[in-house]
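Colleague: I should like to go through this model with you. Could we start once it is on the screen?

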Amino acid sequence: MTQHKQHSLLNRSAEACNMLKKHIDEGHVIRVISHNDADGLSAAGVITNAIKEEGGQFHVTIVSRLQMDVINDLKKENYELFVFCDMGSACLKPLNSFKADIIIADHHQPADVETGDNIVHVNPHLFGVDGSRELSGAGSTYLCIRDLDKKHLAYLALVGAFGDMQGEDGFMGMNKLILQDAIESGTVEIHEGLKIASKSTEAVYKSLAYTFKPALPGLTGDLEGSQQFLEQLGLSYGIKFTDLSGEEQDLLKDALIQINPKILSEVYTAPKEISYLQDLEDFSDILDACGKNKKYGLGLSLALGERGEALDTALKLRNNYRSQLIKGMEWVKKEGAVQLNTIQYLYSEDQIIKKVMGTIASVGLTVGLLDENKPVLGLSRLHKDIKVSGRTLRPMIERGVNLGKALNECSSNFGGQGGGHDIAAGAMIPYEAKDEFLHLVDQAIAYQLENNS
Ligand SMILES: [Mn+2]
């Protein structure tokens, strides 16, 4: 059954590949539109590398959302083929009215609309394949060029999958097939190792403090805590992990496993890459930082293989983002959350804290800085509104909590918007409604816990 689903998805991708190849051969400039996160930037890298290698030309635009005004502008452009990566499936209706050919390579929930004859729609959901776990936007895009003998680009699809948090517990489904392609082409190697950040480029105490996936209680986001931890083990914290002796590495490994067994896991590396980008998760984080700082051209040029100055600039952005995360974690540690009956919340008007609110709310729970028995809402004030990032942990879901539902219901009372998943959700509410909103969410979660059957 699973194989049949995958087979159908691959057949659809092959159609897309034929369409792409036809337009390249006819000398058409391919119009590419992709998403601004690590997955979308990787997707753009996959397709543009492929077009370039096939001797074609492209014009890329990276956007945060495929809004109607963007679609209307694109519709007026004079291209024969548009390729939408990591987006487009929700916009079938307006895309149907394009005169040009369209490839959609997405993995988000598609709109329930008939697809026009001009569109080849590649999306795992159409074939019963899990798009949140088994295939990213970069993966969907990779499938569309796979038949052009492009296994050496599979690693970028994996970088994209990490961006959408699909690889943390190992790859599955279509992602696994893509991984096999990557290994076959010699661009990716897997070995068991410590999943700590920048282990060949940063001092080891920084590597520990910068490790957010998986989180390490007492170490993640805590430079001082990481230093002390290493000192207690008798290790010098100022050198890189890769410069520790084998014995020292083993000592550290054993100690870290005690803190979080998930730290020892499969590590995916691109052996031919420059050290900063060798670990696919590091690569993904660097693209993510480009996206978050709206340096889309920079992210794209990295995905297209540019290094040197482009990489230096991107590393600065990534390091800056890391400092912001550290500051955010220190803030959570110092301030803690405000407690209501069934929920807790963080509130900030600080520019830096606001940027990392979602992450620190989530990691704050995982590392035990926040009460794990209460969902947390991270509130960031934006002028007249408040952006809400809600997070909880798996055991609370089992006790009945559905944050997406709660945030959706409660925000709509104030003309706000909200929703998402049971475990992670968001909302936007008017600033004046803050206290009343918090009170409502508190009640809604209490209700969910009481009525859990
Ligand atoms: Mn994506």
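**Helix α16 and the parallel sheet**

Colleague: What phi does G368 take, just after α16?

Modeller: G368 takes a positive phi of about 85°. Please note that this is a predicted model, in which local features need pLDDT of at least 70, side-chain atom pairs count only at pLDDT 80 or more, and totals for chains, interfaces and linings use all residues. Residues are numbered from 1 along each chain as its sequence is written.

Colleague: Why is α16 largely enclosed by the rest of the structure?

Modeller: Helix α16 spans residues 357–366, and seven of its ten residues are buried, so it is largely enclosed. Buried means that 20 or more other C-beta atoms, placed from the backbone, lie within 10 Å of the residue's own. Helices are DSSP runs of H or I with at least four residues, strands are runs of E with at least two, and both are numbered from the N terminus.

Colleague: Which residues are buried in α16?

Modeller: They are M357, I360, A361, S362, V363, G364 and L365. The elements covering them include α14 (308–335), α15 (351–355) and strand β10 (376–382).

Colleague: Turning to the sheet, in what order do the five strands come?

Modeller: The order is β2-β1-β3-β4-β5 in an open sheet, with parallel pairing. Strands pair if DSSP finds at least two bridges between them. At the edges are β2 (57–63) and β5 (119–122), each pairing on one side only.

Colleague: How many bridges join β1 and β2?

Modeller: Seven bridges join them in the parallel sense, β1 being residues 29–35. R31 has H59 in β2 as its bridge partner.

How values were computed: Buried ≥ 20, exposed ≤ 12 C-beta atoms within 10 Å, placed from the backbone. Contact = placed C-beta atoms within 7 Å.
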